[in-house]
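Please open the structure in your viewer and keep the sequence panel beside it, since this tour moves from one selection to the next.

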Amino acid sequence: MSDSLPEAEVGAVAEGVPAVVPEAVVEAEPAYDPAAPAPLHVDRAPSGNADVDAQLGRLADTDHLATDGHVEVYEDVHRGLRDALTALDARPGPPVPPRPYDNRS
């Protein structure tokens, strides 16, 4: 026998009948809150540039933030995208082939 359950309840649990749970133990499901953060489920296609893809992936952080937290993420992503575009402009292109008739006299 068990010291924690009376004999009648032990028999009921053993026979597959659920035991009675006190109401204080049962937790209520959280109520739906329309103002709570919710994922937008926006599909993001890869751009082919690792820096740009990393910044676009950072937008998923807003799915778990309240609206007032979005501004910081958007500004950070905007700064990162601007830096990635600036880096693309700064890369040297392929060398220009020499022209055979540059030195005319």
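Begin by selecting Thr62 in this predicted model; with a relative accessible area of 5%, Thr62 counts as buried, because that value falls under the 20% cut-off. To place the residue, follow the backbone from helix 2 (50-58) to helix 3 (70-90), and you will find Thr62 in the loop between them. Now display its surroundings: if residues up to four places away in sequence are set aside, Thr62 touches His70, Val73 and Tyr74.

Next, select Leu65, which lies in the loop between helix 2 and helix 3. Is Leu65 buried, partly exposed or exposed? Its relative accessible area is 32%, so Leu65 is partly exposed, a term that covers values between 20% and 50%. Leaving out its neighbours within four places in sequence, Leu65 is in contact with Pro37, His70 and Val73. If you then add Pro39 to the selection and draw a distance between the C-alpha atoms, Leu65 and Pro39 come out 9.2 Å apart in space, although 26 residues separate them in sequence.

Finally, zoom out and colour the whole chain by secondary structure, which shows three helices and zero strands, in the order α-α-α along the sequence. Of its 105 residues, 10% count as buried. Switching on the surface gives an accessible area of about 9,300 Å² for the chain, with 58% of it belonging to carbon and sulfur atoms. Among the contacts between residues at least 6 apart in sequence, 36% join residues at least 24 apart.

Note on methods:
Residues are numbered from 1 along each chain as its sequence is written. This is a predicted model: local features need pLDDT of at least 70, side-chain atom pairs count only at pLDDT 80 or more; totals for chains, interfaces and linings use all residues. Side-chain values use heavy atoms; hydrogens and water are left out. Helices (H or I, at least four residues) and strands (E, at least two) are DSSP runs, numbered from the N terminus. Buried means under 20% relative accessible area, exposed over 50%, partly exposed in between (1.4 Å probe, protein chains only). Contact means heavy atoms within 4.5 Å. Accessible areas come from the Shrake-Rupley method with a 1.4 Å probe; for residues, only the protein chains shown count as cover.
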